[in-house]
Amino acid sequence: AGLRKAAARPDGPFPRQTSSLFLLSAPAEHPSGPVEVSVSADSLEVRSGGSCEAAALPAGVRLAPSSCRGLRRLRGDGLHLRVRLRRPPPPADLLFTLKESLKPHKKYIFYCQSCGDIVVKDRKFLRVLPLPSENWSDLVEEWCCHPNPFARSTLHPQHDECFFGDTFFLLNSRSESPVPESPENTRVVCKRCKTMLGETVSSDTIKYYNTEVIIQPSEGSFSPTPRSQFVQSMVAQCLLELSSAKSTFRFTVKGDNGKTYILIWLLNSDTLLVESLGNSSSLSVFTLFGDIFMPSSGPVGTWNAVKVLYQPCIKCRNKDLADAWENDMGVHPLKFPSETCLELLLILGLSTASLPPSLRCMNSFQVRNSCY
């Protein structure tokens with residue numbers, strides 16, 4: 001018995017009022033007996049037969065017992081209960097973005113995320129600048145009544161510059177020695193583990209994907225992060241930035257081979273996930289991807305997350321929908337290495353599998369909470 005997950009979405013001023021769904025399981029020895037659920041400001045208790053188990057909430061999170069409604073038992077899910085809760089807003093600096101990780105006039109080291117090998121050592125940039133959106137040249141034709149004046153223009157950084165896009169950054173490679181995968185293509189791979197890190201854009205410019213490289217100040221030390229955690233965190237941050245800056249909520253995830261792997265629809269970006277670390281049936285799956293984002297010292301794990309709907313597009317699945325999204329100007333494309341797209345799809349699938357059956361789909365899309 002106990003709290004399995006709570007998804008909360010703020011909809012009011014501090015203290016934040018949130019609408020939440022709690023998923024509880026009755027004690028296994030009384031699967032069909034009567035169950036009594038008690039709600040207090042800081043915990044939920046489940047009583048069945050002679051047993052009583054409580055699920056505590058993290059510090060700062062409080063329930064509104066009078067708002068309790070919708071208690072029901074679903075086969076395969078356990079008990080569902082909706083109740084409002086209050087929590088303080090997250091710290092303003094909680095979200096770590098690529099543009100904030102690079103500052104002018106400081107030295108940085110770029111590491112391969114997979115193995116920790118140094119990719120770029122002690123680079124100092126005088127300018128760190130954002131690039132226009134990847135389809136900016138296509139939009140110019142809509143803005144101008146004459147031929148595209150920028151058709152032959154290229155945006156390549158000098159040695160002391162770094163340009164960054166939605167999912168990548170560009171570096172001048174004159175002093176570096178990138179390792180092409182083979183003479184026939186432009187893929188740049190790690191010297192040690194041969195993971196794809198990016199691709200050569202020109203003779204002196206390399207595009208590194210932000211899912212493949214960790215950037216840290218030169219005076220610091222390398223801190224490894226589990227691969228699945230890093231990938232979902234970087235993708236979640238990308239969704240957050242684009243939805244905030246461009247009011248874009250639908251995305252296609254494409255590989256470096258040009259194929260579409262996933263369609264993603266961002267539902268909200270302010271979900272709070274709470275999970276009891278006692279008897280949660282989904283613990284082994286869920287915390288595999290979330291146990292270092294917001295470390296907990298007590299019996300309750302807490303993570304900030306985005307909630308998305310997604311559709312896989314591998315092996316020609318959802319081809320008609322993918323084609324429709326491809327031609328929709330309201331859908332934003334995201335490009336990653338093809339291997340990373342498959343990793344992301346696996347992460348999405350495992351997260352969906354950790355949800356109760358009744359909450360895994362919405363209008364034919366699959367549901368996923370991604371931590372950041």
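The following legends describe close-up views of two sheets in a predicted model.

**View 1. An open sheet built from strands 3, 4 and 5.** Three strands lie side by side in the order 3-4-5, and their pairing is antiparallel. Strand 3 (35-39) and strand 5 (51-56) are the edge strands; each has a single partner strand, so one side of each is left without a neighbour in the sheet. On average, neighbouring strands of this sheet are turned by 15 degrees against each other, with direction ignored.

**View 2. The pairing of strand 3 with strand 4.** Strand 4 comprises residues 43-48 and runs antiparallel to strand 3, to which five bridges join it. Within this pairing, Glu 36 has Arg 47 of strand 4 as its bridge partner. In general, the strands of a sheet pair through backbone hydrogen bonds, in either a parallel or an antiparallel manner.

**View 3. An open sheet built from strands 9, 8 and 16.** This sheet also consists of three strands, arranged in the order 9-8-16 with antiparallel pairing. Its edges are formed by strand 9 (118-124) and strand 16 (213-217), each of which pairs on one side only. From one strand to the next, the twist averages 20 degrees.

**View 4. The pairing of strand 8 with strand 16.** Strand 8 covers residues 107-112 and is joined to strand 16 by five bridges, the two strands running antiparallel. Opposite Cys 112 stands Val 213, a residue of strand 16.

Terms used: Residues numbered from 1 in each chain as written. Predicted model: local features only at pLDDT ≥ 70, side-chain atom pairs only at ≥ 80, totals over all residues. Heavy atoms only, no water. Pairing = 2+ DSSP bridges. Helix = DSSP H or I, 4+ residues; strand = E, 2+ residues; numbered from the N terminus. Axes fitted to C-alpha atoms, helices over the stretch in contact; angles between N-to-C directions.
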